[in-house]
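Here are some notes for a colleague who is coming to this structure without prior acquaintance. Please read them with the sequence and the model side by side.

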Amino acid sequence: LMTGPTAAPTDRASSLVGFCWLLAFLALDGLTSTMQEKLFKEHNTTKYNQMLYVNGLSSVVSLATLTTTGQLVPAFGYWLPPPPPLSGRAAGGG
């Protein structure tokens, strides 16, 4: 990242935005283990309790994101079975 141009050919602001996201990720990633140690020592929580709350919060954020972007119903299409092949020839048969 430090040795050459990082700008996209079409958008000059994309590199700055990307660097900001990278710095935010690194800061929050470094904070994670510190906060986990604090919770383990001060509040006597278990790792399973922490996993439950982290996954629960992640589910709420995902649900809110899918709802606000209008992608909640299409996301449930993931669980539907795939459509049948059109014909034997389309499926690679004789």
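1. Which residues form a nonpolar patch on the surface, and about how much accessible area do they have together? The patch consists of F19, L22, L23, F25 and L26, and their accessible area together is about 490 Å². This is a predicted model, and the points that follow should be read with that in mind.

2. One member of that patch, L23, sits in helix α1, which covers residues 14-42. L23 has a relative accessible area of 57% and is therefore exposed, since exposed here means over 50%.

3. Taken as a whole, the protein chain contains 3 helices and 0 strands, and along the sequence these elements follow the pattern α-α-α. Of the 94 residues in the protein chain, buried residues make up 2%. The accessible surface of the protein chain is about 8,600 Å², and 69% of that surface belongs to carbon and sulfur atoms.

4. In the loop between α1 and α2 the reader will find N44, a residue that has a positive phi of about 55° although it is not a glycine. N44 has a relative accessibility of 69%, so it counts as exposed.

5. Helix α2 runs over residues 47-68, and its 22 residues reach 32 Å from the first C-alpha to the last, which is close to the 32 Å expected at 1.5 Å a residue. After α2 comes G70, whose phi is also given as positive, near 75°.

6. Is Q50, a residue located in helix α2, buried or exposed? Q50 is buried because its relative accessible area is 13%, and the cut-off for buried is under 20%. The side chain of Q50 also makes a polar contact with the side chain of T45, at 3.2 Å.

7. How many aromatic pairs does a search of the whole structure find? The search finds 1 such pair, and it is formed by F76 and W79, with 5.2 Å from centre to centre and 40° between the planes, an arrangement that is described as tilted. The two partners can also be described by their accessibility: F76, with a relative accessible area of 45%, is partly exposed, whereas W79, at 64% relative accessibility, counts as exposed.

Note on methods: Residues numbered from 1 in each chain as written. Predicted model: local features only at pLDDT ≥ 70, side-chain atom pairs only at ≥ 80, totals over all residues. Heavy atoms only, no water. Patch = residues over 30% accessible without salt bridge, like charges linked within 9 Å, V, L, I, M, F, W, Y side chains within 5 Å. Areas by Shrake-Rupley, 256 points an atom, 1.4 Å probe, with all protein chains shown as cover. Salt bridge = Lys/Arg side-chain N within 4 Å of Asp/Glu carboxyl O. Helix = DSSP H or I, 4+ residues; strand = E, 2+ residues; numbered from the N terminus. Buried < 20%, exposed > 50% of the residue type's maximum accessible area, 1.4 Å probe, protein only. Phe/Tyr/Trp six-rings, centres within 6.5 Å; stacked < 30°, edge-to-face > 60°. Expected span 1.5 Å × (residues − 1). Polar contact = N/O pair within 3.5 Å; in protein donor to acceptor, adjacent residues only side chain to side chain.
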